[in-house]
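Me: I'm new to this one. Could you show it to me and walk me through it?

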Amino acid sequence: MGQSGSMSCRMEILLFIMYVFCLQISCGMQENRICTAAEEWQCMDTTSSSKLLIKGGTVVNADRQQLADVYIEDGVIVAVQPNIQVADEVRILDASGKYVMPGGIDPHTHLEMPFMGQTAIDDFFSGQAAALAGGTTMHIDFVIPSNGSLAEGFEAYAKKAEKSCMDYAFHMAVTSWNEGVARDMEILVKEKGINSFKFFMAYKGSLMVNDEVLLKGFKMCKDLGALAQVHAENGDAVAEGQSRMIKLGITGPEGHALSRPSMLEGEATARAIRLAKFVNTPLYVVHVMSIDALDEIVRARKSGQRVIGEPVVSGLVLDDSKLWDPDFMIAAQYVMSPPIRSSGHNQALRAALSTGLLQLVGTDHCSFNSTQKEAGLNDFRKIPNGVNGIEERMHLIWDVMVNSGQISVMDYVRITSTACAQIFNIYPRKGAILPNSDADIIILNPNATFQITAKSHHSKMDTNVYEGWAGKGKVEVTISRGKIVWEHDRLMIQRGSGQYISMPPFGYLFDGIDKIDSTYLSSLKAPVYRRGI
Ligand code: URP
Ligand code: ZN
Ligand code: ZN
């Protein structure tokens, strides 16, 4: 090769390097990967104006709905009233005939979670992209301790979440007990914006804690003004149930459901409720999947105890039939804990949600693809537990509960957004369309249709437990902090644009707890002072 040949070769290399560099910048430096065509949607920069007027829609809050315009500036709602006039530079979105509602808040997700020897495949970018495409603008993810350390776990999750494209907050899991754990709980609440701790009563040998840890943890939560949360299943009995199934030669996904019947969920729910009552601290039961657990929550609430029940979308709209599918790869998709129950449980959970016996809806989005689920081909105990839902929750709840007339549109806003913001003490910054609230907003067209399929969803999963679902009521626009991030079926999102939301302790569930304590202490009529002792 002559000199000019080697020059042009060097030139080409230089141009190629520049091209790669530019691609990386336009993709927000995606972990040093170049975007493939399929990922193109992930890389689009948001270009929307910082001033926005949503005109002519029905604005729905949890307590009121009205025909009004919504004016947004710099990510915050400035005004909500009819006939707002604006200057020419303001972008106007026509919402006539549509509902304008607070963006969904998902109280229960597991992005990039290390679990059962695998890592959940949706990370803080792909999971949040999926969320935004489905009308959810904030989620609360569960931090898992690293090497037994809560502080280390928090740092690891903060790092993972740097790629976020929407707002997020954290719950913290407590999976063991020692002085370090207690100290970290205090630091996390006082300095890091955590106001809830989850205790796993199942997953023996990994995340599960015993009653002693529950009691110590609940007491610490109470002192800190943090909400105690439980995954309520009797883990010892589940382990026994699993051995029983294997001995019977039942090794497939149906063994998962058979090994952990609803009575074990009911037992653990009742136990957690009683321990929380003994400590006099509020309790939040995550992923309520059965009538057994529901009955315990309702009984406690009737007695005046502060217990929050969170069903998840899979438990509300699916049943266990797919676990018996002859194709392992289909059946394994539906393995989650507590298990999706037989039909009847879902109806009872929906009824309870519609009347306020249960308070809010999560997803428990914890996605594993086919190759990951395959780990349990010969033993259901090795199938990583978890299903998708972060993108589908808002559509499915609308389709199943609003379209059927079971709940009002205001109820819809309450169970998908407002109740979560109130429980976790970030209302009305989130969960409301009010002046000064963050402009996290969706525009839902009740006459448009949606269809769910893994071919077009935004999760990294290669399957979808709601595959083929066709329904009515579509989120046409999602606005996150005043920016249009979903419109015309296209995402316009930016890595790193999501912000961490600190959640302060002592939310409304703690109001009056001290008075109940005083009443209890004065009711004891003790100690009795005895002469001479
Ligand atoms: O199956 C589930 N639910 N996976 C995520 C972990 C949990 O228990 O929430
Ligand atoms: Zn759980
Ligand atoms: Zn979960």
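**A lysine and a zinc site**

Reply: Sure! An unreviewed UniProt entry puts the feature "modified residue: N6-carboxylysine" at Lys198; such positions are given in the numbering used here, with feature names shortened, and annotations may be inferred rather than shown by experiment. This is a predicted model, where local features need pLDDT of at least 70, side-chain atom pairs count only at pLDDT 80 or more, and totals for chains, interfaces and linings use all residues. Residues are numbered from 1 along each chain as its sequence is written, chains are lettered from A and ligands numbered from 1 in the order written, and side-chain values use heavy atoms, without hydrogens or water.

Me: Is Lys198 buried or exposed?

Reply: Buried means under 20% relative accessible area, exposed over 50%, and partly exposed in between (1.4 Å probe, protein chains only). Lys198 has 1% relative accessibility, so it counts as buried.

Me: Which residues coordinate the zinc ion (ligand 3)?

Reply: Donors are N, O and S atoms within 2.8 Å of the metal (3.2 Å for Na, K and Ca); water is not among the atoms, so sites may look incomplete. At 1.9 to 2.1 Å, the zinc ion (ligand 3) is coordinated by His108 (NE2), His110 (NE2) and Asp364 (OD).

Me: How far apart in sequence are the parts that His108 and Asp364 tie together?

Reply: The donors follow the spacing H-x1-H-x253-D along the chain. His108 sits in strand E6 (residues 104-109) and Asp364 in the loop between helix H13 (345-354) and helix H14 (370-373); helices (H or I, at least four residues) and strands (E, at least two) are DSSP runs, numbered from the N terminus. So the pair ties together parts that are apart in sequence by 256 residues.
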